[in-house]
Amino acid sequence: ADAYYQYQTDECVYSTSDYSDMVFLRSLSFNKDVFLQFNSTVGKYVGLTELGVMNAERMNKDQAILQGLKASVDTVCRPNAQVLDSAVRDKA
């Protein structure tokens with residue numbers, strides 16, 4: 001019952017059918033509190049707590065990782081959204 005846990009969630013957020021407003025979000029949490037988030041529109045990590053700010057400064061120095069995360073909109077989000085959206089539309 002007494003334990004620490006950290007986890008990461010990745011989300012693709014959009015509201016248009018052409019995916020032009022699609023955003024990739026990566027959130028890192030510790031014991032249910034989000035402390036660090038990457039937003040593909042912003043293009044970098046943003047710290048939401050003291051721990052998050054410290055980690056954001058460190059992680060934002062690695063341009064290769066940031067470029068890969070920004071590309072996730074095209075490599076992960078759009079392809080999966082197209083498959084999942086078509087599966088839903090075909091059922092209607």
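In the predicted model, helix H1 spans residues 50-59 and has Gly-52, Asn-55 and Ala-56 as buried positions. These three residues lie on the same side of H1, because the arc they cover around the axis is only 105°. Such an arrangement follows the general geometry of the α-helix: with 3.6 residues a turn, residues three or four places apart point the same way. The partners of the buried residues of H1 are two strands, E3 (33-39) and E4 (44-47), against which they pack. On the face of H1 turned away from this buried side, the exposed residues are Glu-50, Met-54, Glu-57 and Arg-58.

The UniProt record, an unreviewed entry, assigns residues 10-85 to the feature "domain: MHC class II beta chain N-terminal". Within the model, this span is 43% helix and 30% strand, and its end C-alpha atoms are separated by 18 Å.

A single disulfide was identified in the structure. It is formed by Cys-12 and Cys-77, with the sulfur atoms 2.1 Å apart. The angle about the S-S bond is -75°, and the link between Cys-12 and Cys-77 is left-handed. Since Cys-12 belongs to strand E1 (residues 6-13) and Cys-77 to helix H2 (residues 63-91), the pair ties together parts that are 65 residues apart in sequence. The two cysteines fall into separate accessibility classes: Cys-12 is partly exposed, at 32% relative accessible area, whereas Cys-77 is buried, at 1%.

Helix H2 also contains Ile-65. With a relative accessible area of 44%, Ile-65 is partly exposed. Between Ile-65 and Val-46, the C-alpha to C-alpha distance is 14 Å, and the separation in sequence is 19 residues.

Strand E2 (residues 23-30) includes Arg-26. Although charged side chains might be sought at the surface, the question of interest here is whether Arg-26 is buried or exposed. Its relative accessibility is 18%, and because the cut-off for burial is under 20%, Arg-26 counts as buried. A polar contact of 2.8 Å joins the side chain of Arg-26 to the side chain of Asp-10. When neighbours within four places in sequence are left aside, the contacts of Arg-26 comprise Gln-8, Thr-9, Asp-10, Leu-36, Gln-37, Phe-38, Tyr-45 and Leu-69.A search for aromatic pairs across the whole structure returned five. One of them, formed by Tyr-5 and Tyr-7, is stacked, with 6.0 Å centre to centre and 15° between the planes. Tyr-5 is partly exposed, at 35% relative accessibility, and Tyr-7 is likewise partly exposed, at a relative accessible area of 33%. The pair of Phe-38 and Tyr-45 is edge-to-face, because the planes of the rings stand at 65°, with the centres 5.5 Å apart. Phe-38 and Tyr-45 are both buried. Together with Phe-24, these two residues, Phe-38 and Tyr-45, form one aromatic cluster. Phe-38 and Tyr-45 are also among the residues in contact with Arg-26.

Conventions:
Residues are numbered from 1 along each chain as its sequence is written. This is a predicted model: local features need pLDDT of at least 70, side-chain atom pairs count only at pLDDT 80 or more; totals for chains, interfaces and linings use all residues. Side-chain values use heavy atoms; hydrogens and water are left out. Buried means under 20% relative accessible area, exposed over 50%, partly exposed in between (1.4 Å probe, protein chains only). Helices (H or I, at least four residues) and strands (E, at least two) are DSSP runs, numbered from the N terminus. The arc is that of the directions from the helix axis to the C-beta atoms. Contact means heavy atoms within 4.5 Å. UniProt positions are given in the numbering used here, feature names are shortened, and annotations may be inferred rather than shown by experiment. A polar contact is a pair of N or O atoms within 3.5 Å; within protein, one must be able to donate a hydrogen and the other to accept it, and residues adjacent in sequence count only if both atoms are side-chain atoms. Rings of Phe, Tyr and Trp (its six-membered ring) pair if their centres lie within 6.5 Å; planes under 30 degrees apart count as stacked, over 60 as edge-to-face and the rest as tilted. A disulfide is a pair of cysteine sulfur atoms within 2.5 Å.
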